Amino acid sequence: MLRCWWPRVQQVLSAIDAIEAAGLDPCETAPDHWRHIGSHIAAGLPFRPYGPERHRAWLQRQAIAP
């Protein structure tokens with residue numbers, strides 16, 4: 001039973017590694033991106049990378065949010 005979940009866990013760990021490789025803290029990544037990763041992994045689809053441009057947009061949205 002545990003083996004069927006391992007590929008998904010590896011994909012999440014890979015996403016975390018990619019975010020860290022971009023010089024970003026995964027804890028400060030936009031929540032929308034984590035939902036995107038979760039839904040795409042569940043559907044068996046590739047997910048978009050999260051880089052400095054997306055992170056900058058997230059920070060700007062946070063700055064103007066009420």
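User: Happy to dig into this one with you! Where does D25 lie?

Analyst: Glad to help; bear in mind that this is a predicted model. D25 is placed in the loop between α1 and α2.

User: Does D25 count as buried, partly exposed or exposed, and why?

Analyst: The relative accessibility of D25 is 35%. Buried requires under 20% and exposed over 50%. Because 35% falls in between, D25 counts as partly exposed.

User: Which backbone nitrogen lies 3.0 Å from a polar atom of the D25 side chain?

Analyst: Polar contacts reach up to a cut-off, with N or O atoms within 3.5 Å. At 3.0 Å from a polar atom of the D25 side chain, the partner is the backbone nitrogen of C27.

User: What about T29: is it buried or exposed, and why?

Analyst: T29 is also a loop residue, found between α1 and α2. Its relative accessibility is 4%, and the limit for buried is under 20%. Therefore T29 counts as buried.

User: Which backbone oxygen lies 3.1 Å from a polar atom of the T29 side chain?

Analyst: The T29 side chain has a polar atom 3.4 Å from the backbone oxygen of D25. At 3.1 Å, the backbone oxygen is that of P26.

User: And the helices on either side of the loop: at roughly what angle do the axes of α1 and α2 cross?

Analyst: Helix α1 covers residues 6–21 and helix α2 covers residues 31–43. Their crossing is right-handed. The axes come within 10 Å, and the crossing angle is roughly 145°.

Key
Residues are numbered from 1 along each chain as its sequence is written. This is a predicted model: local features need pLDDT of at least 70, side-chain atom pairs count only at pLDDT 80 or more; totals for chains, interfaces and linings use all residues. Side-chain values use heavy atoms; hydrogens and water are left out. Axes are lines fitted to C-alpha atoms, for helices over the stretch in contact, and angles run from 0 to 180 degrees between N-to-C directions. Helices (H or I, at least four residues) and strands (E, at least two) are DSSP runs, numbered from the N terminus. A crossing is left-handed if the near helix is turned anticlockwise from the far one by less than a right angle, and right-handed if clockwise. Buried means under 20% relative accessible area, exposed over 50%, partly exposed in between (1.4 Å probe, protein chains only). A polar contact is a pair of N or O atoms within 3.5 Å; within protein, one must be able to donate a hydrogen and the other to accept it, and residues adjacent in sequence count only if both atoms are side-chain atoms.
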